[in-house]
Amino acid sequence: MDDSARRLLQRLIRRIPAQMLKTTLEKWGRLTAAQKQSMDFTEPKWAFTERLLDICEENGWTGKHITELEMTYVIDNPNQGMWYAFQLMDPEDDARSVELTHFKEQFKSHLSELARPVSVKIKKHADDAIWIRIAWGDSFSRPNHLKPTYVVHHLQTPYVFVTSLTSKQKPFLSQALVLSTRHQAIKDASLSGRKLGAIRDLLMRQYQQVFPTSYPSPLAERNETVSNPQIEKEQAKSAENRLQMACEAFGDGMLPQLQSSVYKLETKFKDHTNKTMTEREEPFRCVVKFASTNLLESLRHCAASGIASTPVTPLLSSIPLKGRNYFVIKDNGPGPSSQTRQTQN
Amino acid sequence: MDKRREDEEEGEEGMDEDSEDSELLRLMARHTQLNDLLYAHHIIGGYDAIETRQGQGLCLSLPTAYDGVFLETYNLEIDVKPTPRIVRHNIPPFIPLSDLVEQSDMQTDLRTFLDTLSQHLNAFSGRKQQLKLLKELHKSVEVMESNALCSILVMMVTVPKEKTDVLCTLDYSDHTRCLPTRVHFECNGKLLADSPDWDKIRSLLLETPVHKALSDMRTMGNIV
């Protein structure tokens, strides 16, 4: 094993929390039963790494195997770093019939042509997600495995999720994706978060949305909370209405965990009491950021409890509706552009 | 009507109240009957349409079912003015919703649009359900590839006689149907040549839902 592979393994073992080491190695599946027995998961990490390096030497493994181990770990623990969503646009006629092997071949070949040298590893996960690991090099150096980019895509959907991508690498990845998925363009979906599952669920609508209906869903279990007849809730009806509107805007049950929502304002300052600012020609630029451990849950609670007025303002309900958490707000008249918006009430 | 005339003859004061009451009762009966009819329509899987936002919006539900079992229900919220357009929905992104909207005129023929969309959704639910049942009922069959739209299924079956593994690929290229349009088999990397046995299996897979076809194949001893 060469030096870079050793370094990669050392870095990786340091990165994996001690309690996950065993499961990760199991999932990797390369160690024999005997080798697994010989590993002591209680010893300090540096000793553990030495033992693992010895096993790698015994088996003649290379950097390739280590990147495989890293991929196994990342697929199971994707919530590190920021994930960004992209959307593929204008599918060609045969975009719907792109199948796995074809996509893999095309992506690898296009990316290698565009960004030589590059090291690409593609793996299909059980839930139909295609995971791609890319180590980038340049004309002076071999692919750098210490800073790989990870990409996740589900075929036949327009969404791609990316982490650890620099602006220099972006055009190459975009081009390779567009060509291999048979689309004409790719754009930034203005959605980012630390939890891959959350942004994926939001875009693929894999959470419980609420629509007005006069009937309960067929065979749905109704949890009828038996209320104490001795207790009467004042304003029960308005509380119920607020809850209904909050759920219609954000959803029911567990909501995808977003951490923030950013509004970049490029609107003119409006305040009658401050003439100096109001008279200015240029827009008053400012950025408003909402942050929370679970933003959608917080917003839903705000609406349901009356802190935020209902019906929920489109500024907030657009987050789940449009599947984005970055907005640029300008003073333009109500227009169809996806970026410019104006409060409608 | 006869009873009414009798009442008329009985006494003038009582008459108005009685006829109002019976008219009211008649209306109530009609109202209950209509509600029951709507509920029946809902239970058999009709699109429930509700007016929202004081007539400016319309919310529709599209239930899906397969093999007599209700599956997912999908919803659409439509803004009626100025022209009907979809504002909100929970339809998965691999269903070509925008294509279907373009191909139909929502203003004049909403029903056709809904019927086509319902076809796609029901077919998708059906294929998804078949895949789920396949995984539950046939643990000896390994699913090698499937996708979110459930339009392709590649599975590995074992032939008992030769103890060889055969890769079966089912292409569901017609997304409005629950059955595949093409089936082919591969053994050791090459396509299996036409043989009467495999032809029979091919027609079985083309005509029967995959989980049932596999049960039949098991019974007939074609696969392990």
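Two strands count as paired if DSSP finds at least two bridges between them. The exercises below apply this to a predicted model.

**Exercise 1. Strand 2 of chain B and its neighbours**

Task: Find the bridge partner of A49(B) in strand 2 of chain B, and state in which sense strand 1 and strand 2 of chain B pair.

Solution:
1. Strand 1 of chain B covers residues 48–52, and strand 2 of chain B covers residues 57–66.
2. Five bridges link strand 1 and strand 2 of chain B, in the antiparallel sense.
3. The partner of A49(B) in strand 2 of chain B is L60(B).
4. Four residues separate the two strands in a hairpin, and R53(B) in the turn has a positive phi of about 45°.
5. Strand 2 of chain B also runs antiparallel to strand 3 (residues 69–79) of chain B, with nine bridges joining them. Here L62(B) has Y74(B) as its bridge partner in strand 3.
6. Of the 10 residues of strand 2 of chain B, eight are buried, so the strand is largely enclosed by the rest of the structure.

**Exercise 2. The buried side of helix 11**

Task: Which residues of helix 11 of chain A are buried, and what covers them?

Solution:
1. Within helix 11 of chain A (residues 295–305), the buried residues are L295(A), L296(A), L299(A), R300(A), A303(A) and A304(A).
2. Their arc around the axis is only 165°, so they lie on the same side of helix 11 of chain A.
3. The spacing has a general background: an α-helix has 3.6 residues a turn, so residues three or four places apart point the same way.
4. The cover over these buried residues includes helix 8, helix 9, strand 7, strand 8 and helix 12 of chain A.
5. After helix 11 of chain A comes G306(A), with a positive phi near 95°.

**Exercise 3. Two positive phi values**

Task: Is Q156(A) buried or exposed, and is D67(B) buried or exposed?

Solution:
1. Most residues other than glycine have a negative phi.
2. Q156(A) has a positive phi near 70°; for D67(B) the positive value is near 55°.
3. Q156(A) sits in the loop between strand 4 and strand 5 of chain A. Its relative accessible area is 9%, so Q156(A) is buried, the cut-off being under 20%.
4. D67(B) belongs to the loop between strand 2 and strand 3 of chain B, a hairpin with two residues between the strands. With 52% relative accessibility, D67(B) counts as exposed, the cut-off being over 50%.

Definitions and conventions
Residues numbered from 1 in each chain as written. Chains lettered and ligands numbered in written order. Predicted model: local features only at pLDDT ≥ 70, side-chain atom pairs only at ≥ 80, totals over all residues. Heavy atoms only, no water. Buried < 20%, exposed > 50% of the residue type's maximum accessible area, 1.4 Å probe, protein only. Arc of directions from axis to C-beta. Contact = heavy atoms within 4.5 Å.
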